[in-house]
Amino acid sequence: MNQQPTSYNPVRPFSWWRLASKELRETLRDRRTIITLVLMPLLVYPILSLIFRTFLLSNAEALGAGQPLQYSIVCFSENGSQALANVLGPVGARMTQMDDQIRKENGQDNNVTAFSRSNVPLARFHEHQWQFLDDKSKAEMISVVESGQADVGLVVTPGSPQTGPLGTVQMFTRPDGRSQDAANYLRGRLNELTAYQNAQQLARAGLAPRPMLEFDNDVLMDSISGPSNSKAKSFSLASLVPLILVLMTITGAVYPAIDLTAGERERGTLETLMAAPIPRASILMSKFVAVLSVAVMTAMLNLVGMAATIWTFQLDQFLPGDASFTTLTMAKVLGLLVLFAAFFSAVLLAVTSYAKSFKEAQAYLVPIILLSLGPGLMAMFPGLELAGTLAITPMMNILLLARDVIENTVQVVPALVAISSTALYAGVAIWVAARTFGSSSMLYSNQGSVSELFQRPDGISRTLQPAAALGCMALLFPVNFVMIGVLGRLSTDTSADLAARFTIMGAFTVLAFVAIPYLIASHQRANLSEVFGLKMPRYVYLAIGLVLGLTLWPLVASLIEFYGRLGGEAAHAAWQKSLVAETSDLIGKIRKVSPVTIAIFLSLVPAFCEEFFFRGMLMRSLSRWRAATFAIAFSAVVFGLFHVLSNSVIALDRLLPTTMVGLVLGYLAWKSDSILPGVILHSFHNAVVVFLGYYQPRLQKFEWFPDESQSMPWTWVAVSGGCAAIAMLLLFRMKVDSGQEDERKLEVSR
Amino acid sequence: MISIQNLSKTYRTGKVRVEAVRSVSFSAQAGEVYGLLGPNGAGKTTTMRMILGLLPPDEGWAEIGGIRSDVDADGVKRQVGFVSASAGVYQWLTAREMLTFFGDIYSMPSALIDERLDELAELLQLTEFLDQRCSTLSTGQRQRINLARALLHDPPVMLLDEPTLGLDVVGSQVIFNYIDLLKSQGKAIIMCTHRLEQAQGVCSRFGLLHRGEMIHDGNLAELQQETGRENLVDMFINLLNPA
């Protein structure tokens, strides 16, 4: 009876799409999915729009009290105030004449001559708030518009009334909706007048048509105080719409992400799936496709629901300028939502894969969702441009791009940067999720209690548990925050104040990055020299550290510059100008502080302390738990993030360059099995950057030294890049200390 | 068919270090049911997971049909049907949809899936609830669905970890009868169970695990000789409370 059975031999390859379709079918049958998917757009939008409309209308009434909307217009002419009057006087008179005649022809009897896009009655042309500046300066007119005291500025150049138009007008606007509306209104009225004039002249004598005024290219300026505080401030629905859609997309993705990972684990179906001969990556991809599909479906239904609501309740009148909500706009916004959904679904899966139960996954996701509200709300600030750092800030870049799509103000380069960076983040998040999902350590890990983190080992340990290093990192974050806050409150009025501030900063740095890690490592009975990598390496590593310390800074500076230029030349120039303005005063005071103080507190102390923690404690303990590449990358990103917080503001432009320097430092520390070469690199890098600024006035006497507003000379970049490349090549060819690698393998295998 | 050599696994949680499995070795041939028995926490489930390649062993290896699970886990999984005590069902799918899905996972042609489904439905008495959503099924029905799921691709090896957990007497008897049938079909089976009386009837050989160690390994007669006890229940009590 007994026979030797053989396993079933598959006749077709496994398709992860079949797995994905099962995941999707299961998710879509779940009533909780349906509630988020269908009920939200059906019920929430009409209710929200009713509230929104009621609020806006009552607000508008309160603001305007039934009065027509008036724009504030400031005018200037280089030919003097008489020339200004000569041009605008006839235009105003003709405009009033035209309005009167049109009203008479139409049998109207009111004073209202026009309506805005948001259907608000506009004041008659001459009843707007006109400010005529004398011939002081054009700069004054610009500052009036920039500061929001006027909605639009006009520079008028007289023409020759006998042969051509009365003059040429150039409009100066801010990027906000009100300023743009005012410009559009003026242009529209003047075009209307030209058309009226032409019709009149042709009717009378068959004269050749000619405009009363010609337009020069508009000038878009930065806003200092945002839109003007005058009546009926424009509300940018274009910023609110993407935020709601993105939040809804997140809501749509959260439930399936938890259910298909932690939920399956809790119900015992994940182990069954892992027991089948399917690659883990395929299972993860199928789950990703399912979560993404639900998120996209949610986005689509929300988009349709929102568009229908906007149309039904006529909310499109609150869209500023050229903004529109056409089918094409919706398709573009949907495309962006798909991209965002891909990114966020991967992030959700990476996080929920760690959770053992639904409840635990929810606990992990709440802070992530709350954190994502930050960039979401920030993206609603008026006047924010999609440029530079904002173009690569996750979520914020997509929100700003979606706003620009709705407002029809998309710029190609920042848009491409936003799209490609989000696609890159999505790829990285999927990669992380694929590495963690379904691994045995995730599948069968116990939920450790908090007390385990504080348990002291019985004997002396050569290494430090990653949990202790990560716990220290978590502790340092608020400590660093408080430190920055305290430093921000210290006076920097005199050079003595600055010297005191540097000393306190040094003390804080030692406390945060040396004392706290030292205490934790001591408590864990760890061998301090091993944990922090304090042993003396071979001299060649010290030499490599020195070369890289002296040569990396032009590359870093070029990177920052390149990064700034991503947002366009104009934005970069403005950014550079503001940077010079912000720092020149401070650098002036720093130059009065002793160079020894500077060297100690801005170069040596931070270099040693930061290497002690980031490349010492954090990277070395992580490298005994995961691959060295992970440890280097993780410590570099954390290093970058700590530097983002500076002077109580978020300096996102520091993230990428600091992370890249962190990668080099991590690689050097890993190869040399010591933090000392990194301390040399770090301190020389800091010293060169600081002392170039410190001695700039003296250095500027040399012809070859660039001015602070100039770009880095390419020869500098080429020479330093070449030296750095040689040092990196040499480092690359060096062998990792064998003892370190053997021990790491041993730890991983355990 | 199944060969286990010096399998070891240690779990660490903080300072606590638990040696879940300590150098366990045994083998099972085609047409044999090997009963891996032991009290809770003896290391049975960890051993099963290592055999299947779900957990990497610290030391030793498991080989099925000449393939080592630490080298080619997918190759081993293809030859194994696995039922665990904690195995769940897809609550929003019907039993038929769930089984068809697993047939798809093993890349079986649709006609073969239908044929095997009919066969298993009759043998395991699934027909009446095959088109019901899994969320509406009783514990016994779910366990039978899981058994059918593990058998669908007709694997030569079965790993059954507490297949009768939570079942009533009748429900367990259905499962044990079927295991007997599988044995007669020449499948190699490793089974963990606490139903010692029924195990004594169906298993050809036994391994008694205690605190991660294999205390006894052999057929019933050998165990009786080694322990001086008549039946598995007495042996088990003796194992837990050595007089």
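A helix, as I use the word this morning, is a DSSP run of at least four residues, and helices are numbered from the N terminus. Please keep in mind throughout that the structure is a predicted model.

With that term in place, I turn to the surface of chain A. A nonpolar patch there is formed by A:Ile34, A:Ile35, A:Val38, A:Leu39, A:Leu42, A:Leu43, A:Ile47, A:Ile51 and A:Leu301. Together these residues have about 780 Å² of accessible area. Which helix contributes the largest share of the patch? It is helix H2 of chain A, residues 31-64, which supplies 8 residues. A:Leu43 is one of the patch residues, and its place is in helix H2.

Chain B offers a surface patch of another kind. B:Asp114, B:Glu115, B:Asp118 and B:Glu122 make up a negative patch. Of these, B:Glu115 lies in helix H4 of chain B, which covers residues 110-123.

I now come to the salt bridges, of which the structure holds 26 over all chains. Allow me to present three of them.

The first pair is A:Lys22 and A:Glu26, whose side chains meet at 3.5 Å, N to O. Both belong to helix H1 of chain A, residues 16-29, and because they are 4 residues apart, about one helical turn separates them. Are these residues buried or exposed? The cut-off for buried is under 20% relative accessible area. A:Lys22, at 1% relative accessibility, therefore counts as buried, and A:Glu26, at 3%, is buried as well. The pair also takes part in a network of salt bridges that links A:Lys22, A:Glu23, A:Glu26, A:Glu264 and A:Lys287.

The next pair is A:Asp99 and A:Arg189, which form a salt bridge at 2.7 Å, N to O. A:Asp99 sits in helix H3 (residues 81-106) and A:Arg189 in helix H5 (residues 177-205), so this contact ties together parts of chain A that are 90 residues apart in sequence. Both residues are buried.

The last pair is in chain B, where B:Lys9 and B:Asp58 form a salt bridge with their closest N and O atoms 3.7 Å apart. Where in the chain do B:Asp58 and B:Lys9 lie? B:Lys9 belongs to strand S1, residues 2-13, while B:Asp58 is in the loop between helix H1 (44-52) and strand S4 (59-64). The two are 49 residues apart, and the pair links distant parts of the chain. As for accessibility, B:Asp58 counts as partly exposed at 32%, whereas B:Lys9 is buried, with a relative accessible area of 9%.

Thank you for your attention.

Conventions. Residues are numbered from 1 along each chain as its sequence is written. Chains are lettered from A and ligands numbered from 1 in the order in which they are written. This is a predicted model: local features need pLDDT of at least 70, side-chain atom pairs count only at pLDDT 80 or more; totals for chains, interfaces and linings use all residues. Side-chain values use heavy atoms; hydrogens and water are left out. A salt bridge is a side-chain nitrogen of Lys or Arg within 4 Å of a carboxyl oxygen of Asp or Glu. Buried means under 20% relative accessible area, exposed over 50%, partly exposed in between (1.4 Å probe, protein chains only). Patches are made of residues with over 30% relative accessible area and no salt bridge: like charges are joined within 9 Å, nonpolar side chains (Val, Leu, Ile, Met, Phe, Trp, Tyr) within 5 Å. Accessible areas come from the Shrake-Rupley method with a 1.4 Å probe; for residues, only the protein chains shown count as cover. Lys and Arg count as positive and Asp and Glu as negative; His and the chain ends are not counted. The place of a charge is taken as NZ of Lys, CZ of Arg, CG of Asp or CD of Glu.
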